[in-house]
Amino acid sequence: MPSSTSSFRRFVVTFVLCSSIIGGVGLAGTEYLVRTHIAPNHNKYAYLELFKRAPVDGAVFGDSMMEGGYVGKANMLNLAQGGEAFFSMEKRIRLYVDMHQPKRLIIQAGVHHFAPSWSTNGKSDISGFKEALNENFSPLLMSMHAFHRHEIFLYWKKWLEGSEFISTRALGAFGGVTNLEDYSKENAEQKAIALRQEANYWSGIPVPDTSAVGAGLIDLLDYLNGRNIELCLVTLPVVKPMQELLRERPRVAEVINFFKNTADAHHAQYVNYINLDLAEDYFADQWHLNQKGARVFTDLVDRSCFNGAMSN
């Protein structure tokens, strides 16, 4: 046997062994990280248990605006999820309805859900979440389960940065999170920069009637009508400077009209609070309410939806 062939084989064997060892150590380290730091502290486990809770009158669905904007309660759980795009929200709603048959649903009608940056890049795959709903959820390798594997890079990044894994905004007893930030305390330059950045979300919104999100909403409401569920679509407020920015974009008004017409056609209520007159100290940033604002908004929603049944 030529010595070059023998050397190459030794190199391949050594390379494979080293790669296997490094891979094994990496996998073991990742599994340790998930089990010791993520599982005990991540909101996703508390959310999972909340989602499985015995049926109540109703639930609230949406993204981070609704997650921090509506105060959950025993008869109206807040099951909104930060970063939720329309199509993942729609799948989660169908899953919840099939499991629990609620009487009422409050669904966020987010204008930004039509924007390309949300309608195409949102997390639409909830297969890992569906698997985790299994009562016997205890995979041999938690880190490789779909419930976690898409966020492994973020977990390691957080660990390498030395950040704490304890959530600064833990899920409440009835869902939702509490945001204590105060937008009014930000300086004018930071506000101006943030508004310019947020403007990108509202550019390129398609005609709602012919968009995938529009068709998806109509299909979702058709499905929910067939289940005899009372429905209330809600558009959340934004700060006044952002209200002015949105008034310069005619397509935003088209989306608002689409929500109203679609709700009317499906025997649902639609409540539009996008231009709600609230001072800046009711907001955490330009389009998320803080704890103070959430209390006011929740009271308004409870009195407006379902002919005021939630405030009785």
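## Exercises on a parallel sheet and its surroundings

Strand E4 is largely enclosed by the rest of the structure, because 5 of its 6 residues are buried (buried means under 20% relative accessible area, exposed over 50%, and partly exposed in between, with a 1.4 Å probe and protein chains only). The model is a predicted one, in which local features need pLDDT of at least 70 and side-chain atom pairs count only at pLDDT 80 or more, while totals for chains, interfaces and linings use all residues. Residues are numbered from 1 along each chain as its sequence is written, and side-chain values use heavy atoms, with hydrogens and water left out.

**Exercise 1. Work out the order of the strands in the open sheet, and find which strands stand at the edges.**

Step 1. Strands (E, at least two residues) and helices (H or I, at least four) are DSSP runs numbered from the N terminus, and two strands pair if DSSP finds at least two bridges between them.

Step 2. Begin at E3, which pairs with strand E1 (residues 58-61) in the parallel sense over 4 bridges, and with E4, again in the parallel sense, over 5 bridges. E4 is in turn joined by 4 bridges to strand E5 (residues 269-272), and these two run parallel.

Step 3. The open sheet of 5 strands therefore reads E2-E1-E3-E4-E5, with parallel pairing. Strand E2 (76-78) and E5 stand at the edges with a single partner strand each, so one side of each is left without a neighbour in the sheet. From one strand to the next the twist averages 20° (axes are lines fitted to C-alpha atoms, for helices over the stretch in contact, and angles run from 0 to 180 degrees between N-to-C directions).

**Exercise 2. Trace the residues that stand opposite one another, starting from Phe61, and decide whether the faces of E3 are covered or open.**

Step 1. Phe61 stands opposite Ile107 in E3, Ile107 stands opposite Leu233 in E4, and the bridge partner of Leu233 in E5 is Tyr270. Elsewhere along E3, Leu105 stands opposite Leu231 in E4.

Step 2. In a regular strand the side chains alternate between the two faces of the sheet. For E3, Arg104, Ile106 and Gln108 lie on one side and Leu105 and Ile107 on the other, and all of them are buried, which leaves both faces covered.

**Exercise 3. Locate the disulfide and state which parts of the chain are tied together by Cys232 and Cys305.**

Step 1. The structure holds 1 disulfide (a pair of cysteine sulfur atoms within 2.5 Å), and this joins Cys232 to Cys305 with an S to S distance of 2.0 Å. The link is left-handed, with -65° about the S-S bond.

Step 2. Because Cys232 lies in strand E4 (residues 230-235) and Cys305 in the segment after helix H13 (291-304), the pair ties together parts that are 73 residues apart in sequence.

Step 3. Cys232 counts as buried at 0% relative accessibility, and Cys305 likewise counts as buried at 0%. Cys232 also takes part in the sheet, where its bridge partner in E5 is Gln269.

**Exercise 4. Check the span of helix H4, and find the rings over which Arg92 and Arg94 lie.**

Step 1. The expected span of a helix is 1.5 Å times one less than its number of residues. The 15 residues of H4 (residues 86-100) should therefore span 21 Å, and the end C-alpha atoms, 21 Å apart, agree with this.

Step 2. H4 is mostly covered, with 11 of its 15 residues buried, among them Arg92, Arg94 and Tyr96. The helix is followed by Gln101, whose phi is positive, near 50°.

Step 3. Arg92 lies over the face of Phe129, at 4.7 Å from the ring centre, and Arg94 lies over the face of Tyr223, at 4.7 Å from the ring centre (a charge sits over a ring if NZ of Lys or CZ of Arg is within 6 Å of the ring centre and within 35 degrees of the ring normal).

**Exercise 5. Describe the aromatic pair of Phe51 and Phe129, and then that of Phe114 and Phe258.**

Step 1. The structure holds 11 aromatic pairs (rings of Phe, Tyr and Trp, its six-membered ring, pair if their centres lie within 6.5 Å; planes under 30 degrees apart count as stacked, over 60 as edge-to-face and the rest as tilted).

Step 2. Phe51 and Phe129 form an edge-to-face pair, 5.0 Å centre to centre with 85° between the planes. The pair links helix H2 (residues 43-52), which holds Phe51, to helix H6 (residues 127-132), which holds Phe129, across 78 residues, and both rings belong to buried residues.

Step 3. Phe114 and Phe258 are also edge-to-face, at 5.9 Å centre to centre and 85° between the planes. Since Phe114 lies in the loop between strand E3 (104-108) and helix H5 (116-119) and Phe258 in helix H12 (residues 250-265), this pair ties together parts that are 144 residues apart in sequence.
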